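The following exercises are to be worked with the sequence and the structure in view. Each task is followed by a solution in steps.

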Amino acid sequence: MAAFVDRGLSVLKSTGLLSLQLVSLLLVTVTLLFFLVRLTGDPAVVLSGESGDLDALALLRTKYGLDQPLYVQYFSFLANAAQLDFGVSWVEGRDAIAIVWQRIPSTLFLAATGMAMNLAISIPLGTFLGTQLAPRMRKALDVFIFVMQGVPGYVVALFLIQLLVVKYHFFPSVGNESGLSWVLPSLTVASFLAPKLARVIAVNVSEAMQEDYVVMARAQGARYSTQVIRHAFPNAILGATALIGTQVAGLVNGIIITETIFGWPGVGRLLLDSVLLLDFPVVQAVVVLTTIMVFMVNWGTDRVIEIIDPRLKREARA
Amino acid sequence: MSQVRDAAANGRAIAPAVARRPIAEWPWRRIIIVVAGVLTALLVLASVSGWGGLDELASRRDLSRRLLPPGAEGHLLGTDGLGRDTLMRLLAGTRYTFIIAALATLIAGSIGIGLGLLAVVGPAWVRALVGRLVDLTIAFPSLVLAIVMVGILGRGNLTLAIALGVFYWPSFTRVTLAQGRGVEVLQYVSAARLFGVSRLRIILFHILPGIAPTISVVTAFQFASLLISTAGLSFLGLGPGLGVPEWGSMLAEARAEMTRAPWLLIGPGLAIAWTVVLANLIGDELAAGTRANRRSADS
C-alpha cells in the first residue's frame, strides 16, 4: 500500500513538474509574441490597411482594446491565450484557433510518413554501411551520404520535382488530394534527416560488430547475416534512439519548408502565409499550438526512449 | 525534460562517432580541405569587397539573352529569367548567404559561450538558471519563431542573422559547460586562482583556450546548419529582399522557371551544398585533431 502511495505521489510530482515546464514555456512564448507584434508599431494601422482613415483607426482601437494601456492589453492577451483564444483571423474572419486545428491532421500525417520514410531508408542503409560487405560500394555510399548531409532538403525536393514531376510526370506536384501525392513530400522530410541517422547507425553497427557478443556468435558459427541482424543491429539501433528522438522533435523545421514547396495544406504553410499577410491572430495560434505539440512530442519521445533503454532513466537521474 | 536524451547522447557520444567515419580514411584529405577552404575564403573576400565590379556584373540585365543554358558564350553557368549571369550572381551572393550564416553563428556563439562560461565559474544557481534557459530554448520550435521574427520585424540581413542566432546557441553552451567544468578543475586553473588572478582573466586566458578546440568543432557544424537555415528562410521569401542574389532566393527564382530552365537549380544548389559539405569536413577534421591531441595527452 505504501509503495502504491509512493508511486502515486511520484507520478503526481512528475506531472506537476511537467505542467510547470509547459506553462513557463508557453508564458515565455506568448510574452515574446505579444511584444514582437507591438514592436511592428500600431496593430490598428496594420489592420486598417491602406485606408488609414482616422475614424476607422479609432473604431478599430476600441474594438480590439488597443486604446487601453499596454499592461492591460498584455494581461487580457494572456488571459485569452490561456483559453486558446487568439481572436479572429484578420484575413479569413474565422476563429484563428479553428483554422489551425483544421490544418493539424495533414501536418501530423506528413510528420509520420516522413519519419517512417527516414527510418525505412536509414536503417537498412546504415546497417549495410556498418558491415564489412562490398567495400567499394560502401565507400561510394559513404561519400554519397556525406555529400547528401550537405544538401538541404529543399534542394533535394526541387530536384525530385524536376525529375519525377516535370520531366516524367510520375507524381502530382502540389496538394494532398491524390493517392500518391504524399510520397515526394515525405521523401523530402526524410532527406533532411536520413543522411545523419544512417551515418550514426553505420558507426554503431560497425562498433557492435567488434563486441564480444558478436564475436561469440561468430565463433559459434552464426551466419554473417545473423550476426549483423540478430546480434549487432538491436544494440546499434539502441545507440541511435537519442538521435531519432532529437529528429522527431525537430521534424517541424523540415516540415515547414516541405509544406511550402509542395503546397501541402498543413500548419507550416499556414504559418508562412499568415506571417507574410501579417495575420497576427493566426500566427499566434500557430506558434502556441506548435510549441505545445513539440513539447508533447519531446516528452513522449523521452518516455519511449526510456522504455527501450531503461538504463538511461537511471543515468538521467544520477 | 531532455535529460534522458542527454544521457543517451553522452553515453554513446554521437558527435565524435559521426565524425570518426569515413572521411578520415581519405588520403590527401587534409590538403584537399585546406585548398578548398582557402579557395572558398578567397571567394568570400572577393565577394565582400565587390572585387572587379562583381556587383555590377551580377545585376546587369540583358533581356535578349534570357535563360541561356550553361556553357553559353560569355556565361559559364547560363543566365536567369532577366538575363543576369548565374555565375556572377552566385559569387555576389556569397556576401549574403555566407556572411549572414557567419553572423548568425557569431551571435549564437557569443550568447552560448558567454552563458556557458558564466555557468562554469558562477555559483550553483547561475548554473541552474543557464540550464533552464537551455532547456527552454531547445523546447522552442526554432524555425517557427525565426519565421515569425523575420516576418514581423521586416526583412534584412541583420534581422535574419539575429532571428536564427538567438535560437541556435544552446549547443555552444552545452559544450562550453561540459568542457569548461573539466578544465576548471585542472591544476593550472587552481594555481592561477591561488595566485590571485582575477576571475575574468581566468575565464579568458585559462579556461577559454582550454575549450577552444572543442568550440571550433561545434562552430563548424553550427555554421553548416545555420547556412542551411539561412538559405531555407530566404527560399521561403524571408531573405534579405527581392532581386538580391542570395542563394536561397536564387533557388526560389529558379523554381519559378523550372519548366523552362531546370538547370538554374544547379548553381545555387551546388553553392549551398559545397559550403555546407566543406564546413562539415572542416568540423570532422578539427574533431579528429582534438581527439588525437587528447589521446596523446592521456598516454
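**Exercise 1. Describe the contact between chain B and chain A.**

Solution. The model is a predicted one.

Step 1. Begin with the polar contacts: four residue pairs, both partners at pLDDT 80 or more, are in polar contact between chain B and chain A.

Step 2. Identify the elements involved. On the side of chain B that touches chain A, two or more residues each come from α1 (3–12), α2 (14–20), α6 (124–139), α7 (142–153), α11 (199–235), α12 (247–256) and α13 (266–298) of chain B. Of these, α7(B) gives the most, with 10 residues.

Step 3. Count the residues in contact: chain A supplies 67 residues and chain B supplies 56 residues.

Step 4. State the area. About 5,600 Å² is buried between chain B and chain A, and carbon and sulfur atoms give 74% of that area.

Step 5. Look for salt bridges across the contact: the count between chain B and chain A is zero.

**Exercise 2. State how many salt bridges the structure holds over all chains, and examine three of them.**

Solution.

Step 1. Recall the principle. Side chains of opposite charge can pair when their charged atoms come close.

Step 2. Give the total: over all chains there are six salt bridges.

Step 3. Take A:R269 and A:D273, whose closest N and O atoms are 3.8 Å apart. The cut-off for a salt bridge is 4 Å, so a pair within that distance qualifies. Both residues belong to helix α11 (residues 267–276) of chain A; because they are four residues apart there, about one helical turn separates A:R269 from A:D273. A:R269 is partly exposed at 24% relative accessibility, and A:D273 is partly exposed at 33%.

Step 4. Take A:E306 and A:R303, which form a salt bridge with the closest N and O atoms 3.1 Å apart. These two residues lie in helix α12 (residues 280–308) of chain A, three residues apart, which is about one turn of the helix. A:E306 is buried, with a relative accessibility of 11%, whereas A:R303 is partly exposed at 26%.

Step 5. Take B:R193 and B:E184, whose side chains meet in a salt bridge at 3.2 Å, N to O. B:R193 has 41% relative accessibility and is therefore partly exposed. B:E184 has a relative accessible area of 19% and is therefore buried, since buried means under 20%.

**Exercise 3. Decide whether A:T131 is buried or exposed, and find its contacts.**

Solution.

Step 1. Locate the residue: A:T131 sits in the loop that joins α5 (96–130) and α6 (135–148) of chain A.

Step 2. Apply the cut-off. A relative accessible area under 20% means buried. The value for A:T131 is 4%, so this residue counts as buried.

Step 3. List the contacts. When neighbours within four places in sequence are left aside, A:T131 is in contact with A:R138, A:V205, A:Y224 and A:V228.

**Exercise 4. Decide whether B:V35 is buried or exposed, and name the surface patch to which B:V35 contributes.**

Solution.

Step 1. Locate the residue: B:V35 is placed in helix α3 (residues 29–49) of chain B.

Step 2. Apply the cut-off. Exposed means over 50% relative accessible area. B:V35 has 51%, so this residue is exposed.

Step 3. Name the patch. B:V35 joins B:W28, B:I31 and B:I32 in making a nonpolar surface patch of about 460 Å².

How values were computed
Residues numbered from 1 in each chain as written. Chains lettered and ligands numbered in written order. Predicted model: local features only at pLDDT ≥ 70, side-chain atom pairs only at ≥ 80, totals over all residues. Heavy atoms only, no water. Buried < 20%, exposed > 50% of the residue type's maximum accessible area, 1.4 Å probe, protein only. Contact = heavy atoms within 4.5 Å. Patch = residues over 30% accessible without salt bridge, like charges linked within 9 Å, V, L, I, M, F, W, Y side chains within 5 Å. Areas by Shrake-Rupley, 256 points an atom, 1.4 Å probe, with all protein chains shown as cover. Buried area = accessible area lost by both parts, 1.4 Å probe. Polar contact = N/O pair within 3.5 Å; in protein donor to acceptor, adjacent residues only side chain to side chain.
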